[in-house]
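Hi everyone, thanks for making time this morning. I'd like to walk you through one protein model, and please stop me whenever you want to look at something more slowly.

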Amino acid sequence: MLWGVLFFGGIYFGFGGIFWLLTKRVLPALGIGRALDPRPLQPGQLRREIGQSSISVLIFGLGMVFPWGLLQLGWARLDADAGGWQIAIEVLMLAVWNDVHFWINHRLLHTRLLRRFHGPHHRSFVTTPWSTYSFHPLEALMLGNVILLPMVVHDFSFWALAAVPVFSLFFNCVGHSNYDFFRRVSYNHWFAASRRHHLHHAVHNGNYGFQFTFMDRLFRTRIAADAAEPLFQAFRDKQLQRQQQQPQPEQHGATA
Ligand SMILES: [Zn+2]
Ligand SMILES: [Zn+2]
């Protein structure tokens, strides 16, 4: 469990730091991509996100007792002889399952019954790479159990199972980076996941999927690509108004 806490803490702070640097410094300096939501972060947002995420890291780490327990009870087994191809196919299967599992749990978290437990995550209207694990503990428990069912129905290799939190957090950082990395791809493209999840945080009702779009297409829960435009326009108008209302600097030297 201690290894679990160190592992989840390591990937959270590692990926978070890399994406923060990439989207705030490196990519803007290179002129690649663009920021999505123009509004500023709330006061104390980063501290809150990192604090909440640290509790999720603890929950995920301690939660390692569940897959370990399945192995001890003999309800699941690891395939120690899996080759490279088998591991690759297993990772692919787990990536698709991860999207199904995420959509179902996320949709449940948007029901009247569970909405209040999803509130802490949605306190971030404008997302950051530190929002990724910023959940209520119940949400952490719901999302953290993603590998348990697959483990019972198939003997996965250790490496395929260990890959799940890594690729999941990588795509989570993409989704919460508030940054459009590939401006030329369409809104439905796999590479436009950050556009879709940033919209989910801006307008809430839709885009419950993770990296892929098949679940939102299947259940018709997609948000229109321009759904947040009125919101952003209102923000820009207010900013312009504020600038115009600011007193003009006095002109010196006009009088002799
Ligand atoms: Zn949500
Ligand atoms: Zn989110």
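I'll start with the overall layout, then go to the metal sites, and finish with a helix pair and two loop residues.

One thing to keep in mind throughout is that this is a predicted model.

So, the overall layout. The chain has 256 residues, and 45% of them are buried. It contains eleven helices and two strands. If you read from the N terminus, the order of elements is α-β-α-α-α-α-α-α-α-β-α-α-α. Taken along the principal axes, the C-alpha atoms fill a box of roughly 95 × 40 × 40 Å. And if we take the contacts with a separation of 6 or more, 76% of them join residues 24 or more positions apart.

Now to the metals. Which residues coordinate the zinc ion that is ligand 1? They are His-106, His-110, His-118, His-122 and His-200, each through NE2, at 2.1 to 2.2 Å. Along the chain these donors follow the spacing H-x3-H-x7-H-x3-H-x77-H. One pair among them links distant parts of the chain: His-106 sits in helix H4, residues 84-109, while His-122 is in helix H5, with their positions 16 residues apart. Both His-106 and His-122 are buried.

Let's move over to the other zinc ion, ligand 2. The protein donors here are His-121, His-176, His-197 and His-201, again through NE2, and they lie 2.0 to 2.1 Å from the metal. The spacing for this site reads H-x54-H-x20-H-x3-H. How far apart are the zinc ion (ligand 2) and the zinc ion (ligand 1)? They are 5.8 Å apart.

Why is the arrangement around ligand 2 called irregular? The four donor atoms subtend angles of 90 to 163° at the zinc ion, and that makes the arrangement irregular. For four donors to count as tetrahedral, all angles would have to lie between 85 and 135 degrees, so the upper end of that range, 163°, rules the tetrahedral label out.

Two of the ligand 2 donors deserve a second look. His-197 and His-201 are both in helix H9, residues 193-203, and because they are four residues apart there, about one helical turn separates them. Are they buried or exposed? His-197 has a relative accessible area of 8%, so it is buried. His-201 is at 0% relative accessibility and therefore counts as buried too.

Staying with H9, let's see how it meets helix H5, which covers residues 115-122. The two pack at an angle of about 115°, and their axes are 11 Å apart. The crossing of H5 and H9 is left-handed. On the H5 side the contact is made by His-118, His-121 and His-122, and on the H9 side by His-197, His-200 and His-201. Sorted by type, the residues of this contact are six polar, with no nonpolar and no charged. You'll recognise the names: His-118, His-122 and His-200 are among the donors of ligand 1, and His-121, His-197 and His-201 are among those of ligand 2.

For another helix pair, go to the N-terminal part. Helix H1, residues 2-30, packs against helix H2, residues 45-62, at an angle of about 145°, with the axes 7 Å apart. H1 passes H2 in a right-handed crossing. Residues meeting there include Phe-8, Tyr-12 and Trp-20 of H1, and Ile-50, Val-57 and Phe-60 of H2. This contact divides into eleven nonpolar, five polar and one charged.

Last stop, two loop residues. Phe-181 lies in the loop between strand S2, 179-180, and H9. Its relative accessible area is 16%, so Phe-181 is buried. Leaving aside neighbours within four places in sequence, Phe-181 touches Phe-19, Thr-23, Leu-27, Ile-32, Gly-33, Val-174 and Ser-194.

The second one is Ser-157, in the loop between helix H7, 148-153, and helix H8, 158-176. Ser-157 is buried as well, with a relative accessible area of 3%. Apart from neighbours within four places in sequence, Ser-157 is in contact with Leu-78, Asp-79, Ala-82, Ile-87 and Glu-90.

That's my tour, and I'm happy to take questions.

Notes: Residues numbered from 1 in each chain as written. Chains lettered and ligands numbered in written order. Predicted model: local features only at pLDDT ≥ 70, side-chain atom pairs only at ≥ 80, totals over all residues. Heavy atoms only, no water. Donors = N, O, S within 2.8 Å, 3.2 Å for Na, K, Ca; no water. Tetrahedral: all angles 85-135°; square planar, octahedral: opposite > 155°, others 65-115°. Buried < 20%, exposed > 50% of the residue type's maximum accessible area, 1.4 Å probe, protein only. Contact = heavy atoms within 4.5 Å. Axes fitted to C-alpha atoms, helices over the stretch in contact; angles between N-to-C directions. Left-handed = near helix turned anticlockwise from the far one by under 90°. Nonpolar A, V, L, I, M, F, W, Y, C, P; charged D, E, K, R; others polar.
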